[in-house]
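Hi,

Here is the structure I promised to pass along, with some notes on what turned up in it. Could you have a look when you get a moment?

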Amino acid sequence: MKLTQQLEKVYCKEHQTALEAQRLAQEIAFAPMVFQVSRLMVKFGILEYLSNNHQGVTQAEIVEHTGLSNYAAQVLLEASLSIGTVKTKDDKYILDSTNPKVREYVREVLHTILFMWGFDIVKLNNLYAAGVLPPDGKSRGEVMCDAMRFLRECCGGKLMYASDVPLMPSFGIADYCSISCDAVSDNMPNVLYSKKFYRESASVKNASADIVFRRMLDGRAFFSAPCELSLYDKDFFLDGNLNHAEQNVLTTLAGLFSSALIITDDVTKYSQKQKRRLKKMCSLQSATEVIVRRVSTGHVVGYRHAGKSYIIKF
């Protein structure tokens, strides 16, 4: 057999150790079992359940969600650990973002949404979970950057809105990126949810500071988006109601400093007053003489809009 020099490098030299070759032989021998386990993980919705719960879920929660027996769930989860589809930490299971089978699943989901159903933009939440358990030899930052590049590849030329993600791995990758924490009324206590899942407490004050002091990223690293907003008179944000004054602070700062606004309301049900507030928020990027000052009680943002001067304090 005549081989080119390129093929000789591939086929005429040993590229694996004896242990690596043995491992590969075992993977081939157990390939039918790997296929069946992965098929059942998809069929019973376990992979989708893990994908939607990035902090991880326990075996008991999977049993409750799927209706499987405890033994059946245990067999599938332990087999998936051996395959490498999932990881475990603190008795919880999460998807392994570096595993080829997980990536194939994610790629198929995004292809369906963007190229079969025809959506032009996809919002991807809780992306920080990709770096929760990095493999040996890699830092969480490396895994996060690799995951963002993979998602960019999956989205192709369609728009990608990254949420709940470290900002640096999103630079030049995401089209839009969430830049603020969630907003909980400042009158609410520091809720358990915030303590457990966030490094910064979720509050109107912190969300406002994020929007203002990360404003220079907008249009440079990506197009910035604040937390989800609502103009309803009473609306739940996590564990606290936002009053009108808090809504006004958030919506004004978002209108001034962000390129994308995510409204959680059914705008067709807005009152005339709410419609006017929405119209003003969407027109604030044309504001002039915008200044930010630090004062003893916090911060002040001043601006001119439609011939009038305004001040927002937070």
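Phe-222 is buried, since its relative accessible area is 4% and anything under 20% counts as buried. Please keep in mind throughout that this is a predicted model. The ring of Phe-222 pairs with that of Phe-171 in an edge-to-face arrangement, with 5.8 Å from centre to centre and 75° between the planes. This pair connects distant parts of the chain: Phe-171 belongs to the loop between β4 and β5, Phe-222 to the loop between α10 (204-213) and β6, and 51 residues separate them. Unlike its buried partner, Phe-171 is partly exposed, at a relative accessible area of 34%.

Next along the chain from Phe-222 comes Phe-223, which forms an aromatic pair with Tyr-176. Here the rings are tilted, with 35° between the planes and 5.6 Å between the centres. Tyr-176 is in strand β5 and Phe-223 in strand β6, so this pair ties together parts of the chain that lie 47 residues apart in sequence. Both residues are partly exposed: Tyr-176 has a relative accessible area of 21%, and Phe-223 has 41%. The total number of aromatic pairs found is 3, and the two I have described are among them.

Two lysines also turned up over aromatic rings. The charged end of Lys-158 sits over the ring of Phe-115, 4.9 Å from the ring centre. Lys-280 lies over the face of Tyr-310, and there the distance to the ring centre is 4.3 Å.

Now to the sheet that holds β5 and β6. How many strands form this open sheet, and in what order? There are 4, arranged β3-β4-β5-β6, and their pairing is parallel. At the edges are β3 (121-124) and β6 (223-225), each of which pairs on one side only. From one strand to the next, the twist averages 20°. Strands β3 and β4 (residues 159-162) run parallel and are joined by 4 bridges; in one of the pairings, Ile-121 has Leu-159 of β4 as its bridge partner. Helix α8 (residues 140-155) packs on the sheet and touches both β3 and β4, with its direction at about 150° to that of β4.

After β4 the backbone does something you may want to look at. Asp-164, in the loop between β4 and β5 (176-178), has a positive phi of about 55°, although this residue is not a glycine. Is Asp-164 buried, partly exposed or exposed? With 24% relative accessibility, Asp-164 counts as partly exposed.

A second residue of this kind is in a hairpin. Strands β10 (298-305) and β11 (308-313) are the two arms, and there are 2 residues between them. The arms pair in the antiparallel sense over 6 bridges, and Val-301 stands opposite Ile-312 of β11. In the turn, Ala-306 has a positive phi of about 55°, again in a residue other than glycine. Ala-306 is exposed, because its relative accessible area is 71% and the cut-off for exposed is over 50%. Tyr-310, the residue under Lys-280, falls within the range of β11.

If you open the model, the pair of Phe-171 and Phe-222 and the turn around Ala-306 are the places I would love to chat about.

Best wishes

Conventions. Residues are numbered from 1 along each chain as its sequence is written. This is a predicted model: local features need pLDDT of at least 70, side-chain atom pairs count only at pLDDT 80 or more; totals for chains, interfaces and linings use all residues. Side-chain values use heavy atoms; hydrogens and water are left out. Two strands pair if DSSP finds at least two bridges between them. Axes are lines fitted to C-alpha atoms, for helices over the stretch in contact, and angles run from 0 to 180 degrees between N-to-C directions. Contact means heavy atoms within 4.5 Å. Buried means under 20% relative accessible area, exposed over 50%, partly exposed in between (1.4 Å probe, protein chains only). Rings of Phe, Tyr and Trp (its six-membered ring) pair if their centres lie within 6.5 Å; planes under 30 degrees apart count as stacked, over 60 as edge-to-face and the rest as tilted. A charge sits over a ring if NZ of Lys or CZ of Arg is within 6 Å of the ring centre and within 35 degrees of the ring normal.
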